[in-house]
Structure formats: C-alpha cells, structure tokens
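Welcome, and thanks for taking a look at this one with us. Please open the model and keep it in view while you read.

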Amino acid sequence: MNAAKRREIFARLQAANPHPTTELEYDTPFQLLIAVLLSAQATDKSVNIATRKFFPQYGTPQALLDLGEEGLSDYIKTIGLFRTKAKNTIATCRILIEHHGGEVPQTREALESLPGVGRKTANVVLNTAFGQPTMAVDTHIFRVSNRTGIAPGKNVLEVEEKLVKFVPREYMQDAHHWLILLGRYVCVARKPKCPQCGISDLCEFKPKTPA
C-alpha cells in the first residue's frame with residue numbers, strides 16, 4: 001500500500017469520527033490504567049459494568065489498596081482471570097504509592113514494570129491518558145492492519161512498528177482508536193462488513209464481502 005492511499009484512509013476515518021477515544025470508562029489516568037489491566041481477554045463492556053461499582057468509592061491507588069485483593073475480587077469476579085487481575089491490580093497500587101507518589105508514570109519502561117502491564121496496556125495509557133503518539137496493537141488492529149494492507153506483519157510488534165512508521169504524523173494520536181473501532185464493528189473477524197465500510201475502495205483485501 002502506498003503512502004497516498006494510507007493518508008486517504010486516515011483522512012476518511014478522521015472525517016467520520018473526529019474525536020475517537022477508548023470505550024473504557026474512567027476519570028483519571030489511574031482509573032484508565034486499571035480498566036485496561038482488567039480488560040485483557042475481556043470486553044470493554046464487561047469491564048465498565050464492574051468498574052462502575054467500585055471506581056466511585058475505590059478509584060485511587062490508596063483506596064483500592066485498602067480494599068485489598070479479596071475485596072476487589074468480589075467486584076470483578078464477572079471478568080475473566082479475575083483472581084490474577086485482582087492480585088496484579090493491588091500489587092500495582094502498592095508500587096504506585098511506594099515508588100511513584102501515587103501517580104501513574106508517563107514512560108513505557110515504568111509502566112511495563114507494573115504487574116500485569118504489558119506493552120499494549122502501556123501504549124493505551126501513554127496515548128489515551130497522556131497524549132503520546134503510541135500504537136497499541138490488539139487483535140482488532142492486528143487483523144485490520146493485515147487485512148487492509150495498511151501495515152501487514154507476522155506478529156503484534158511488527159505491525160506496531162510498521163504503523164508507527166507508516167501512519168502520517170497528523171493522524172498518529174487517534175489512529176489506534178480508529179483502527180480498533182473499525183475492527184470491532186466493521187472489519188470483524190468472521191465476515192467483514194465491506195459494504196458498510198468507508199474505506200472499502202482503498203482496502204487491499206481481495207475477497208470483499210458483497211452487498
């Protein structure tokens with residue numbers, strides 16, 4: 001795919017949705033970090049249902065630490081892997097308080113040192129909470145990047161590196177939100193909704209779904 005085609009793709013995505021953001025609900029960088037940590041192998045909807053119940057009262061590192069692992073488990077038991085996530089969340093709260101003054105760090109290295117926080121989670125927090133032009137590649141973005149030809153790659157890191165290289169700078173801040181939403185609702189896994197897609201004429205996926 002050439003640069004002109006990529007630029008047109010992101011121009012259209014921006015025109016259709018000028019201010020995209022995560023579907024996870026949060027009020028602070030800390031709450032976003034916890035929501036993303038909980039969202040691994042779970043839907044944003046299921047995470048929002050859970051966090052609505054405890055964020056109002058336990059939405060800070062100290063409050064969540066005071067709630068404890070068992071207390072948090074009761075709130076998130078509807079989410080997959082909840083015991084591991086509760087353990088990692090409470091451990092993360094403790095580290096934030098002891099080493100970062102209760103604030104979420106703004107570097108990838110510091111974020112990835114937190115329990116349960118990998119590269120994708122760090123990228124989401126850096127981008128969404130702190131406005132850094134990072135690219136968080138999940139299953140949706142991996143699929144869309146390969147299927148459309150925007151940034152084909154054999155693994156998540158390869159796709160991330162290509163997107164960082166190929167996405168025009170002016171679109172980089174919002175690019176991962178557009179691609180996630182495209183993959184979640186239009187360019188879906190089993191049968192892409194090509195007739196509903198605003199970039200289908202630019203996409204290099206050959207066996208397009210007919211109208």
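What follows is a short tour of helix packing and of the empty spaces in the structure.

Please bear in mind that this is a predicted model. Helix H2 is a good place to start, since it packs against H3 and also against H7. From there we move to H3 with H4, then to two pockets and a cavity.

**H2 with H3**

- Helix H2 covers residues 29–38 and helix H3 covers residues 44–58; their axes come within 10 Å and cross at roughly 140°.
- Angles over 145 degrees would count as roughly antiparallel, so at roughly 140° the pair H2 and H3 is oblique.
- The crossing of these two helices, H2 and H3, is right-handed.
- On the H2 side the contact is made by Gln31, Ile34, Ala35 and Leu38, which meet Val47, Thr51, Phe54 and Phe55 of H3.
- Sorted by class, the contact between H2 and H3 holds six nonpolar and two polar residues, with no charged ones.

**H2 with H7**

- H2 also packs with H7, at an angle of about 150° and with the axes 10 Å apart.
- H2 and H7 are therefore roughly antiparallel to each other, and their crossing is right-handed.
- Leu32, Leu33, Val36 and Leu37 from H2 meet Thr121, Val124, Val125 and Thr128 from H7.
- The class split for H2 with H7 is six nonpolar, two polar and no charged residues.

**H3 with H4**

- H3 packs with helix H4 (residues 61–76) at an angle of about 160°, and the two axes lie 11 Å apart.
- That angle makes H3 and H4 roughly antiparallel, and here the crossing is right-handed.
- H3 brings Ala50, Lys53, Phe54, Gln57 and Tyr58 to this contact, while H4 brings Ala63, Leu64, Leu67, Leu72, Tyr75 and Ile76.
- Nine nonpolar residues, one polar and one charged make up the contact of H3 with H4.
- Phe54 is worth clicking on: this H3 residue meets H2 and is also part of the contact with H4.

**The largest pocket**

- The volume of the largest pocket is about 520 Å³.
- Its lining counts 25 residues, and those nearest the centre are Asp44, Lys120, Asp138, His140 and Arg184.
- Elements that give two or more residues to this lining are H3, helix H7 (119–128), helix H8 (139–148) and helix H10 (169–185).
- H10 gives the most to the lining of the largest pocket, with five residues.
- By class, ten nonpolar, nine polar and six charged residues line the largest pocket.

**The second largest pocket**

- The second largest pocket holds about 220 Å³ of space.
- From the N-terminal helix H1 (3–16) and from H10 come at least two lining residues each.
- Residues lining this second pocket include Arg12, Leu13, Ala16 and Asn17, along with Trp178, Leu181 and Leu182.
- Val186, Gln196, Cys197, Gly198 and Ile199 also belong to the lining of the second largest pocket.
- The class count for this lining is eight nonpolar, three polar and one charged.

**The cavity**

- How many cavities of 30 Å³ or more does a search of the whole structure find? The search finds one.
- About 90 Å³ of space lies in this largest cavity.
- Of the 14 residues that line the cavity, Cys187, Pro192, Cys194, Cys197 and Cys203 lie nearest its centre.
- The cavity lining has nine nonpolar, two polar and three charged residues.
- Cys197 is another residue to select, as it lines the second largest pocket and is among those nearest the centre of the largest cavity.

How values were computed: Residues numbered from 1 in each chain as written. Predicted model: local features only at pLDDT ≥ 70, side-chain atom pairs only at ≥ 80, totals over all residues. Heavy atoms only, no water. Axes fitted to C-alpha atoms, helices over the stretch in contact; angles between N-to-C directions. Helix = DSSP H or I, 4+ residues; strand = E, 2+ residues; numbered from the N terminus. Parallel < 35°, antiparallel > 145°, perpendicular 65-115°, else oblique. Left-handed = near helix turned anticlockwise from the far one by under 90°. Contact = heavy atoms within 4.5 Å. Nonpolar A, V, L, I, M, F, W, Y, C, P; charged D, E, K, R; others polar. 1 Å grid on protein atoms, 1.4 Å probe; cavity = no way out; pocket = protein on both sides within 12 Å on 5 of 7 lines; lining within 4 Å. Points joined across faces, edges and corners; volume = space filled by probe spheres on them.
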